[in-house]
Amino acid sequence: MTSTFLLFAVLLTPVDDGNAELVRRVDELAALVQKLQARVDELEGKPKAAMESAPPPAVAPPAVAPSAVAQTAVAPAPEAPRTGSSLLGGTTINFLFDGYYGYNFNNPIGRANLLRAYDVSSNAFSLNQADVVLENAADPAHEKRFGLRLDLQFGQATATLQGNSSNEPRPDVYRAIFQAYGTYVFPVGKGLTVDFGKWASSLGIEGNYTKDQVNYSRALLFDFLPFYHMGARVNYKINDTIGLNYWITNGTQQTEPFNGFKDELIGVNIQPRKSIAWTVNYYLGQEHPDVQYLPNYTGTNLPTSQGVAFEPIPNAPSGKLHIVDSYVTWQASPKLSFALEGDDVIQRLLTTSAPTHVDAVAGYVRYQLTPQVAVAARAEYLSDRGGLFSGTTQALKENTFTLERKFAEGFLARLEWRRDSSNHPYFLTDTLGILKKEQNTATLGLVWWFGGKDGIW
């Protein structure tokens, strides 16, 4: 504004008739016009951010027409920050840590809790599992028909899942990969979902991730039934009440097959009402190898698979495995839920062999006392005829009581008392060769998790 006032002052100042005075004033006016033009050019050439950050000039800038101000202020709107989800195309990255301290009142040698799937250690601070779960789920409602999931797992649970060379020819190759599968949903009816890869078994009501269970420890049935499969599975939902499942796999807990037989499952999911869900499965397998691997072999006359020698087993056994698995859940009220599971398992070594046989039933109840506190109980009976599960013929019982405190979404603690018993001395004590009919344990489990995946993992 000062320059504008100066311009008007020059124009309005009276002059005398002298030519010299007129020339002087014209020169001053021309110089001032040039200065104003230079300043306007400078303003139009600089972005607004540069103007705001530049130090103020010695002489205040002239007034600028509204159109000029608009031109210098227009700049592209900044883009909204991209979240991790958008950067990865909707993929969720999820982490879980599950640890515990348990005490076995038998004070067993080796601090080993028998017949436990995950809480295998007594009198020890233990890392049950540490997990990284990546998932980009199919979403056919928004025309995205494919998906992918990868679960990486480390800790004691990993050794339980894949540490047994009797069912995995090379467990070390796949040990940390708990799940890895791709999904495609075909536009058939309400959607025909096909998965290919390795997935957690849905035989049995309990699952891998502690945060999604009602107890901290797992049932005897969870320890006995398959943990995972490798192959292809199909799910088709006939209507809102009935869904069908079909699997074809390498075997029970076999990422690589050790025979040429392909196991199969046929299952049905029934939900007659929102509060009740019922699953029935039939599984047919053959769990006997037709080759044996010799990792320490140093000769040259045997074939190798990725450097490991193997040889065929003459007259390999071909007896079959049959699993009938059924479980039902009932949400009796928003706070109270029940579940019941029953299983019948038969396996033969040869097609003409007498069968080994396991029958089992387990019942669950959970009550939400407050939004943060819940109590749960489990009772279980398992008849192991022929030692298919425990290595000896016996009848096993198990009772578990759990108190849960959820401190926040993503952190909970469970305090648990469990009693395992048998009709024969079976459980370890502090003396080698001396066994007891019961095993009592107290456990504090702590679970942390976070990530973008909602609901059950």
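So, Asn94: leaving out residues up to four places away in sequence, Asn94 touches Asp131, Val132, Val133, Phe450, Gly451, Gly452, Lys453 and Trp457. Touching, or contact, means heavy atoms within 4.5 Å. Before I go on, this is a predicted model, where local features need pLDDT of at least 70 and side-chain atom pairs count only at pLDDT 80 or more, while totals for chains, interfaces and linings use all residues. Residues are numbered from 1 along each chain as its sequence is written, and side-chain values use heavy atoms, with hydrogens and water left out.

Back to Asn94. You'll find Asn94 in strand β1, residues 92-104. Strands here are DSSP runs of E with at least two residues, helices are runs of H or I with at least four, and both are numbered from the N terminus. Is Asn94 buried or exposed? Asn94 is buried, because its relative accessible area is 0%; the cut-offs are under 20% for buried, over 50% for exposed and partly exposed in between, with a 1.4 Å probe and protein chains only. A polar atom of the Asn94 side chain also lies 2.8 Å from the backbone nitrogen of Lys453.

One of those partners is Phe450, which lies in strand β21, residues 438-451. Phe450 counts as exposed, because its relative accessibility is 55%. Setting aside neighbours within four places in sequence, Phe450 is in contact with Ile93, Asn94, Phe95 and Trp457. Phe411 is 39 residues from Phe450 along the chain, and their C-alpha atoms are separated by 8.8 Å.

Okay, the whole chain. How many helices and strands does the chain have? There are eight helices and 21 strands. Of the 457 residues, 37% count as buried. If you take contacts with a separation of 6 or more, 60% of them come from residues 24 or more positions apart.

Now let's walk along some strands. Two strands pair if DSSP finds at least two bridges between them. Strand β13, residues 321-331, runs antiparallel to β14 with 11 bridges, and a hairpin of four residues joins β13 to β14. Across that pair, Thr329 stands opposite Ala339 in β14. Next, β14 and β15 pair in the antiparallel sense over 12 bridges, with Gly363 in β15 as the bridge partner of Leu340.

Which face of β14 is buried? In β14, residues 336-347, the side chains of Ser337, Ala339, Glu341, Asp343, Val345 and Gln347 point to one face and are buried. Those of Leu336, Phe338, Leu340, Gly342, Asp344 and Ile346 point to the other face and are not buried. In a regular strand, side chains alternate between the two faces of the sheet.

Carrying on, β15 and β16 run antiparallel, joined by 12 bridges, and Tyr364 stands opposite Arg378 in β16. The hairpin between β15 and β16 goes through four residues. Then β16 pairs with β17, residues 394-408, in the antiparallel sense over 12 bridges, and Val375 stands opposite Leu403 in β17.

Leu369 is in the loop between β15 (356-368) and β16 (373-385). Leu369 counts as partly exposed, because its relative accessibility is 42%.

Conventions: Polar contact = N/O pair within 3.5 Å; in protein donor to acceptor, adjacent residues only side chain to side chain.
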